[in-house]
Amino acid sequence: MTPDNPIEQARQWIAAATRVAALTGAGISAESGIPTFRSAGGLWRNFRAEDLATPRAFARDPKTVWEWYDWRRGLIAAAKPNLGHYALAQLEQRLGDRFTLITQNVDGLHNRAGSQRVLKLHGDIWWTMCIACREVRSDFRVPLPELPPRCASCGGMLRPGVVWFGEPLPGATWEQAEEAVRQCELLIVAGTSAVVYPAASLAPLAQSHGARVIEINTEETPLSGSADLCLRGPSGEILPQIIES
Ligand code: BJW
Ligand code: ZN
């Protein structure tokens, strides 16, 4: 059943909840000009994310994979957080540690909007990891001077500090995300196609522990049928409406 005023309904659920969690995906950064993965504009040189975001693609052709990341790093560096990111930062300010922000995004825009605690399930595009000595560093240079970049400590090849298909998510981060979702009374899921696991399992996990789920998306997703409330539209417009006091 669709309530008469879904925005008001969402506002009431947020006001009533002791613990709130939010899961975001690429759609939340679309209004900042960053292409999503599974939209027409998300393609890079006719590659799909599934072609490039894999250890096998990197092993076969690290330069091409790095060129994709270098291109995306340039777009992200030039982008600014949008009202959706800012609204979630405001919710954290209001609820403190009763709010948990979980993101699949690697763009760092939640941090730049002021969110302090962000559980990054798929890593961070500004991190590099040496495939030889495993050292992880931040590197904000755009463009990178050499592709693939090399480790300053051992000279080994660096890879982006992100999670590719077939790789495990960072264990502690995933455990904190699961715990937050088990504890919350309300989970807001914004801008994700809800097809990539295990992130996509968080909404059913929340519901199995009695929480309500609000989906915010411009399109229908596999989650839409089971969400308690679906708000159709851009997250940069909807999140401020349901969060601003
Ligand atoms: C708007 C909007 C606006 C637009 N406002 N909305 C169970 C079942 C089936 C498969 C699996 C399973 N468990 C695991 C798998 C395999 C695999 C998987 O899920 N495959 C599926 C695709 C079938 N998962 C994995 O491999 C994961 N690892 C794993 O499970 O490890 C197990 C293991 C354990 C122990 C040892 C070894 C292994 C890892 C997944 C890693 C995903 N990585 C990527 C790349 C990250 C780095 C990078 O950025 O380059 O993560 S792929 C890509 O997809 C990226 C994203 O975070 C992720 C999700 O995409 P997202 O955010 O949902 O974006 P889109 O583009 O799909 O959707 C955007 C949405 O926004 C759309 O709905 C639009 O409508 C909407 N939108 N504008 C609101 N303005
Ligand atoms: Zn090294």
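**Ligand 1 and the pockets of this model**

Good morning. I begin with the largest pocket, whose lining consists of 42 residues; those nearest its centre are Ala-26, Phe-37, Arg-38, Thr-192 and Ser-193. Please keep in mind throughout that this is a predicted model.

The volume of the largest pocket is about 770 Å³. Sorted by class, its lining contains 20 nonpolar, 16 polar and six charged residues. As to secondary structure, helix H4 makes the greatest contribution to this lining, namely three residues. Both H4 and strand S8, which spans 212-217, provide at least two residues each.

What takes up the space of the largest pocket? That space is taken by ligand 1.

I turn, then, to the ligand and its surroundings. The shell around ligand 1 comprises 36 residues, and the closest of them are Tyr-69, Arg-72, Gly-166, Thr-192 and Ser-193. Thr-192 and Ser-193 have already been named among the residues nearest the centre of the pocket. The shell is made up of 18 nonpolar, 13 polar and five charged residues. Helix H4, residues 62-78, again deserves mention: with three residues, it accounts for the largest share of the shell.

Which atoms of the protein lie opposite oxygen atoms of the ligand? I shall give three cases, beginning with Gly-166, where a backbone N or O atom is 2.6 Å from an oxygen atom of ligand 1. Gly-166 is also one of the closest residues in the shell. In the case of His-122, the side chain is involved: one of its N or O atoms lies 2.8 Å from a ligand oxygen atom. For Gln-104, the partner is once more a backbone N or O atom, at 3.0 Å from an oxygen atom of ligand 1.

How much of the accessible area of ligand 1 does the protein cover? On its own, the ligand has 1,500 Å² of accessible area, and the protein covers 74% of this.

Finally, a word on the second largest pocket. Its volume is about 260 Å³. It is lined by 14 residues, with Gly-123, Gly-161, Val-162, Val-163 and Pro-170 the closest to its centre. Two strands, S4 (123-130) and S6 (158-162), each contribute at least two residues to this lining. The lining divides into seven nonpolar, three polar and four charged residues.

To summarise, ligand 1 takes up the space of the largest pocket, and helix H4 gives the most both to the lining of that pocket and to the shell around the ligand. Thank you for your attention.

Definitions and conventions. Residues are numbered from 1 along each chain as its sequence is written. Chains are lettered from A and ligands numbered from 1 in the order in which they are written. This is a predicted model: local features need pLDDT of at least 70, side-chain atom pairs count only at pLDDT 80 or more; totals for chains, interfaces and linings use all residues. Side-chain values use heavy atoms; hydrogens and water are left out. A residue is near a molecule or strand if one of its heavy atoms lies within 4 Å of it. A polar contact is a pair of N or O atoms within 3.5 Å; within protein, one must be able to donate a hydrogen and the other to accept it, and residues adjacent in sequence count only if both atoms are side-chain atoms. Accessible areas come from the Shrake-Rupley method with a 1.4 Å probe; for residues, only the protein chains shown count as cover. On a 1 Å grid over the protein atoms alone, a cavity is a set of points where a 1.4 Å probe fits but cannot get out, and a pocket is an open set with protein on both sides within 12 Å along at least five of seven lines; lining residues have an atom within 4 Å of a point. A molecule sits in a cavity or pocket if more than half of its atoms lie within 2 Å of its grid points. Helices (H or I, at least four residues) and strands (E, at least two) are DSSP runs, numbered from the N terminus. Ala, Val, Leu, Ile, Met, Phe, Trp, Tyr, Cys and Pro count as nonpolar, Asp, Glu, Lys and Arg as charged, and the others, Gly among them, as polar. Grid points are joined across faces, edges and corners, and a volume is the space filled by probe spheres set on the points.
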